[in-house]
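Me: I should be grateful for a close look at a single part of this structure, set out as one connected account. Please concentrate on the salt bridges and on the elements that they link.

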Amino acid sequence: GVVRFCCHCTLHAMSVTELSPKTARPGARDGGRAGQSGLQKGQQTKAAIVDAALGLATQIGLEGLSIGALAEVMHMSKSGVFAHFGSREELQISVIREYFARFEEEVFYPALTEPKGLPRVQALFGNWMKRVAVELQSGCIFISGAVEFDDRPGPVRDALATSVQTWLAAMYRAVVLAKEAGHLRADADERQIAFEIHGLILALHYEARFLKTPGSIERTLQAFQSILARYGSPASPAPAQRVISPSSI
């Protein structure tokens, strides 16, 4: 019953092969512990670099990222930063993965505590709106990245597209479950509903971040309620009629 929301680009932790006691050289066990400690330190350094890169990417875009700029921010040598990624492309992909992981934690997983149906759809949208409210100031990697890489095939574009498609598939699935629960009209088009919800978020970014249109958040929330009113079933339970207010964003 739980919608699994996983990215195909998940980072896999490295493992250390341990020597068996029979073949271990004197001091090998201590060396193994030192190796593991070094590995953990390396992973922590890489995580710190990715965090700094994500902060830069929200301001200057994925295309603006460079090994040199990160080395300056991290007070490291270019070769030191390069050793963790191997290429600028891998750095960009690592940033996309980290952004996606944070999106999952803030938007998707908290919504799973809500019952299937419109309550979960509303929770997903409400959590999405809370994140957007912050990104109206800092920027959204998914949206800026789409502008930068929409016509540039390659691994970076693939990582971006996969992340967005995975999230939209989760939203679509939540809408499907709402229809199966009887919270939406029998003739409701689930894909159309998911499309309209996504469209609201894109419009909000354009209106509020680019055009600086006053009241954009309120209009977006009103439009979402309009979607529920148009497609909702009279049999929808009372909890599904909750209204997301601007004060909760």
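Reply: The account below follows the salt bridges one pair at a time.

The model is predicted, and a search of the whole structure finds ten salt bridges. In general, side chains of opposite charge can pair when their charged atoms come close.

One of these salt bridges joins the side chains of Arg152 and Glu63, at 3.0 Å from N to O. Arg152 lies in the loop between helix 6 and helix 7, and Glu63 in the loop between helix 1 (28–60) and helix 2 (67–74), so that distant parts of the chain, 89 residues apart, are linked. Arg152 is partly exposed because its relative accessibility is 35%, and Glu63 is likewise partly exposed, at 29%.

The two helices on either side of Arg152 also pack against each other: helix 6 (residues 141–149) and helix 7 (residues 155–180) have axes 10 Å apart, at an angle of about 140°. Helix 6 is therefore oblique to helix 7, and their crossing is left-handed.

Helix 7 takes part in a further pair. Lys179 forms a salt bridge with Glu190, with 3.6 Å between the closest N and O atoms. Since Lys179 belongs to helix 7 and Glu190 to helix 8, this pair ties together parts eleven residues apart in sequence. Lys179 is partly exposed at 22% relative accessibility, whereas Glu190 is buried, because its 19% relative accessible area falls under the 20% limit.

Shared partners also occur: salt bridges join Asp51, Glu98 and Arg102 into one network. Finally, Arg97 forms a salt bridge with Glu90, the closest N and O atoms lying 3.4 Å apart; Arg97 is partly exposed at 22%, as is Glu90 at 23%.

Notes: Residues numbered from 1 in each chain as written. Predicted model: local features only at pLDDT ≥ 70, side-chain atom pairs only at ≥ 80, totals over all residues. Heavy atoms only, no water. Axes fitted to C-alpha atoms, helices over the stretch in contact; angles between N-to-C directions. Helix = DSSP H or I, 4+ residues; strand = E, 2+ residues; numbered from the N terminus. Parallel < 35°, antiparallel > 145°, perpendicular 65-115°, else oblique. Left-handed = near helix turned anticlockwise from the far one by under 90°. Salt bridge = Lys/Arg side-chain N within 4 Å of Asp/Glu carboxyl O. Buried < 20%, exposed > 50% of the residue type's maximum accessible area, 1.4 Å probe, protein only.
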